[in-house]
Every structure is written in C-alpha cells, then in structure tokens.
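Trainee: Could we go through this model together? I would like to see how each answer is reasoned out.

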Amino acid sequence: MTLSPSQIIVLATPVFFLLIALEFAWGYAKGRNTYRLNDAVSSIGLGMLSQVSAVFTRLFRIGIYTAIYSSVALYPNPEFWNTWYGWLIALVFYDFCYYWLHRAGHESAVFWAAHVVHHQSQDYNLSTALRQTSSGALLGWIFYVPMAVAGVPPLIFGIVALIDLLYQFWVHTEHVPRLGWFDRWFCSPSNHRVHHAVNDRYLDKNYGGILIVWDRLFGSFKEEDEKCVYGTRSPLNSWDPLWANAEVYWALGKASWHAGSWGDKLRVWFKQPGWLPADVAARFPKEGFDITRVQYFHPPLQPAVAIFGGVQFLLLLAGVAYFLWHADAMAPGPALVGLAALGTGLWAVGGLLQGRLSVLQVVLIEAAVLATATAALGWVEAHRLFKPLALLLAIFLVAARARGERAYGRFDIRLLAALVFSLAGDCLLMFPGFFIPGLVAFLVAHLFYIALFKQGMPWFASRRALGLTLATGAVMYAFLFNGLNPVLRIAVAAYVVVIALMAAQAIGRATVLRDKAAIGVAVGAGFFMLSDALLATNRFAVPLPMAQLWVLSTYYLAQILIVFNATPVTTAASSGHKQV
C-alpha cells in the first residue's frame, strides 16, 4: 500500500509526541522546562489545522507543479531521478528553493503573512516545530517552479519536500548545545535558535532547511553568541488559531486600504514586513520594539479548566488523525465539513485556554459543530442526538448564568422560552411530515426573541433597519412564492414577517446601545434570516449543494451569538435615544 503524505504525518505523530514528552521530562529534571500547556496546545493545534487545510492546498500546489512539469520539463528522465544520486540532487535542489522561499518569508510582507505563524510562539521547543501556516502553499509554490522546469518528477518532489520538513522537527530545542563542525554545514538547533530570535543581531538570519551553507553563501548566517528571545516583534497575544493565520493579512489589508496612493496600496504587500507608507505611518504610528520590555503572554488558567482543555485537545487530535488518514478518499464536500468542524473545535479550545470562553460555552459550540457535521455527512442517528443536545446546552447555559448572576427576570424567561420553542422546532424538523409544526414552533420562538429585544427599548428603534429587513423578506417571499402550496403561502408569509421584525428589533437595539454585545445579538439575528433563507431556498426553490452545512452552521451561529451576548438593558442605557 502506498501511503499519502497525510498518512505519513499520522504515522509520524506518535514519534513527535514521544520526543516532545522526552524533551519535557529532560527539561523538568534539569530545572529548565521550556513548555507551557497553553502555548504547546496552541502550537500543535496550528500544526493540526495546517495539515487539515493542506488536504486542499496540497492539491493546488501539486496540481500546478504537475502541470508545469508536464508542459515544459527539460529533463524528465525517471531513470536518472530514481537513482540514489538523483534523489540526493532533488533533495538538495528542494532545500535550495526552500531557502529562497524562507528568506522571502522574512523579507516580503505577503510571504511573512503566511510564515509568521511559525514564529509567534514565545517558547522554543519541539512543539514549536509543529506550529505551521495554513496559507503558505497559496504563493509558496512559485519558488519550486524551477524544480518542475528542470524535470524532477512530482512524486519525488513530494517525497523530498516531506523529508525536508521532517528534518526540521529536531532543531527546535534549547537542550541541544552547539555541535561544532555540524553547525557549519547543516541547520542545527543552535543555528535555528538564532533564526527564531527577535534580538537585533539575530533578526532575519539562518534560513536554511537542512543545509546552513546557503546562508553562508548568501550572507544571511549568524552564529549563536547571546541568549535568544523568541516570538515576533509584534506579539500575537492570542491562542486563537484562526487569528494567528489571519493577523498579518488583516494588518496589510488595513494598511493598503488607508494608503493614499495606488502604488502604496500595492507596495504594502511586497515591501519588507512592517513597512508603511508615510501617510499611513503618520496616521497609525507604531511604538518601537524594545527587547527589555518583552512580556510573556500567559493568561491565568485554573487547573480544572486546563485538564478539560487538554482532554478536548486530545479528542480533536484523534479527529484530525482520522480525517488525515481518510482524506485522500474523501469527496470535497465531506472534506470541507471535516475542515470546518475541526477548525471550529481548535478555535474553541484556544478560546477556553485564553479565558474568552467558559467550559459550558465550549461544550455548546462543540455540540453545535457535531450537530451540523452529522447532518451534512448524513449520519442520521448521531444527528438526532447532537441536534437537540446543542439547544439543551444553550438552555442550561442561560439558566445557570441567570441563577448565578441574578434572580430570574422577564429577560431570562423570554430568552429561555425562545430557546425552548427553538428546541421544539429542531426536534420537529428532524422528522418528515412535521414541517408546518416545526415552522410554527420557530415562529413562536421568534416572537419571544422580539419581546426579548424589546426589553428596555422602543419599538423598532431604527426605521431604516425595519425597512431593509421587511424589504429583504418581501424579495425572499416573492422568490419562493411559486414553489409554495396555498397553505404554505400563508404560513411562510407570517414567518417571513415575524423574522424580519425580529431582525429589525435586534438591529434597532444595537443602534441604541452601540456595544459589542448588542452588535453581536444583531449579527446573530441577521444569521437567523440567512439560515431561514437558505432552508427555504433549498426546500422550495433550488436544491443547494451541502445544504445542511450552510443551513445549520448559520443557524447555530445565530443562536450562539444571541445566547452569548444577550443581556438585560438598564434604563440609563436606553434613555435619550432618537429613532433613525
């Protein structure tokens, strides 16, 4: 049996974890522990996300490589490339190309946006080696075009790429000292510690993957001669894996948007990292880097929460291993479901370790993810378990929060009633023949949501929002009209009006309060409208591909945003408002 790159990574994972455990034990015994649970989970989680997303980006990279190889290869001679010296040449060739890709990752902002993920950790240990980007392949393939043009076969290219990657695992440690002659020729722990440091003398040095001679040849080598400080000069300060991948792209996008000239809008992406046009730099000044003021990002974490987060992480690790083992045989749809589910799970664990999410909130998110994934994958029995479980957890969360913070009031009762009727609608819609009762249950739920969002507010505080939501509902109803029977025309008309009013009331509430919680509730209401529009379109107009994924993901996003953000309004907060 021929193993895919993803399966090789799965088989290598126990070895990675064994070596990580040995490094931790050695450091602990020597009084030089280099591990923190939150940082290690973040790094390994980013590696997991990278490998899951690589199922898609690898097809992109290998596809382009194969197309170039098939069209313009100068020496596509399998007999040569399959000799031991052919393999060695291919490996050295790959390492040479990797050097220039790696160097571009530090000298050009758009490449740094992908590569920064690997440098964000303020610790330096074997888990840091697994901290990899999910977007690097989108542009990184450019640097390997010479190999395709030369005629290195795609299979050999893929294998030497994996060898180069696996070699670099062991150099991410503080416990291996300088190695004499080895350091002069190869990438070693000492050489790579320099590469990860933010010290002035070490910045942007030692790019080699296997061979360090490239750095000696091209003037980017520096020996380790002072204590390294790790991380980035603009610290991430987050355990969010999605933000870790997006932070620099977001910053570049903002800088490009605010740049005055079209030339500067483009140059922002390709100049060195940190470069800003004069007008943007003047408007958004940056504080200079001072290595003496570097602080570790280490939010407090209760032991019980750490244990729960560790267990959730291990479950996700098992899910990633299962996904990667079967990825090559998956159709694109199920693979997309797996990516979305695992990515959301990793995001939730990061939020837990950072203190942004509670244990109960994480369990609710995971139940919603499982309900969505099981529906999209057609796992009917599992879906019938997780779909009601998600709303039951939401009800429990609201009840526990209300009991802990205050006596039950009208606000809590309305929110609980909305969730109870939503749960009833969920259960009814799981079975054929109960669409109308399910629709009625959700209609009642939305009436309770309207009453909830009215608390302490005027009716429909934003007239523009009211007009927009009603107009959107009218357009949607007209689109569905021919696919509805006479009974459904009445039922759906009532439902469209009610959900439009619910969204308008939520948006109006946000225009009054203008805080993150109220905006979160309004966004949730908007996702409710989107979810219902997708459901109706799929059922009565045009079948949508992967309909369950889009319908349920937007539905649960709506419910979670409302449950997490809905809070009572004080009289002072709502006073002095004028309708807009």
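What follows is a short conversation about cysteines, nonpolar cores and aromatic rings in this predicted model.

Trainee: Let's start with the cysteines. How many disulfides does the structure hold?

Mentor: Two cysteine sulfur atoms must lie within 2.5 Å to count as a disulfide. Take Cys97: the closest cysteine sulfur, in Cys187, is 17 Å away, so the two are too far apart for a bond. Across the structure, the number of disulfides is zero.

Trainee: Is Cys427 buried, partly exposed or exposed?

Mentor: Buried requires under 20% relative accessible area, and exposed requires over 50%. Cys97, at 4%, counts as buried. Cys427 has a relative accessibility of 27%, so its class is partly exposed.

Trainee: Now the interior. Which residues touch the most other members of the largest nonpolar core?

Mentor: This core has 68 residues, and its largest share, ten residues, comes from helix α18 (residues 359-376). Setting aside residues up to four places away in sequence, the contacts of Leu419 include Leu391, Ile395, Val398, Tyr449 and Val563. The two core residues that touch the most other members are Leu419 and Tyr449.

Trainee: Apart from that core lies another one, with Tyr99 and Phe111 among its members; how many residues does it have?

Mentor: Ala104 and Phe182 are also among its members. The size of this other core is 32 residues.

Trainee: On to the rings. Is the pair of Tyr94 and Phe157 stacked, tilted or edge-to-face?

Mentor: Tyr94 sits in helix α4 (residues 84-107) and Phe157 in helix α9 (residues 154-167), so the pair links parts of the chain 63 residues apart. Both Tyr94 and Phe157 are buried. Planes under 30 degrees apart count as stacked and over 60 as edge-to-face. With 5.8 Å between the centres and 55 degrees between the planes, this pair is tilted.

Trainee: And which kind of pair do Tyr477 and Phe481 form?

Mentor: Their ring centres are 5.8 Å apart. Phe481 is partly exposed, with a relative accessible area of 31%. The planes of the two rings stand at 75 degrees, so the pair is edge-to-face.

Trainee: Finally, over which ring does the charged end of Lys271 sit?

Mentor: A lysine counts here if its NZ is within 6 Å of the ring centre and within 35 degrees of the ring normal. Lys265 lies over the face of Trp262, at 5.6 Å from the ring centre. For Lys271, the distance to the ring centre is 5.4 Å, and the ring belongs to Trp275.

Note on methods
Residues are numbered from 1 along each chain as its sequence is written. This is a predicted model: local features need pLDDT of at least 70, side-chain atom pairs count only at pLDDT 80 or more; totals for chains, interfaces and linings use all residues. Side-chain values use heavy atoms; hydrogens and water are left out. Buried means under 20% relative accessible area, exposed over 50%, partly exposed in between (1.4 Å probe, protein chains only). A nonpolar core is a set of buried Ala, Val, Leu, Ile, Met, Phe, Trp, Tyr and Cys residues joined through side-chain atoms within 4.5 Å. Helices (H or I, at least four residues) and strands (E, at least two) are DSSP runs, numbered from the N terminus. Contact means heavy atoms within 4.5 Å. Rings of Phe, Tyr and Trp (its six-membered ring) pair if their centres lie within 6.5 Å; planes under 30 degrees apart count as stacked, over 60 as edge-to-face and the rest as tilted.
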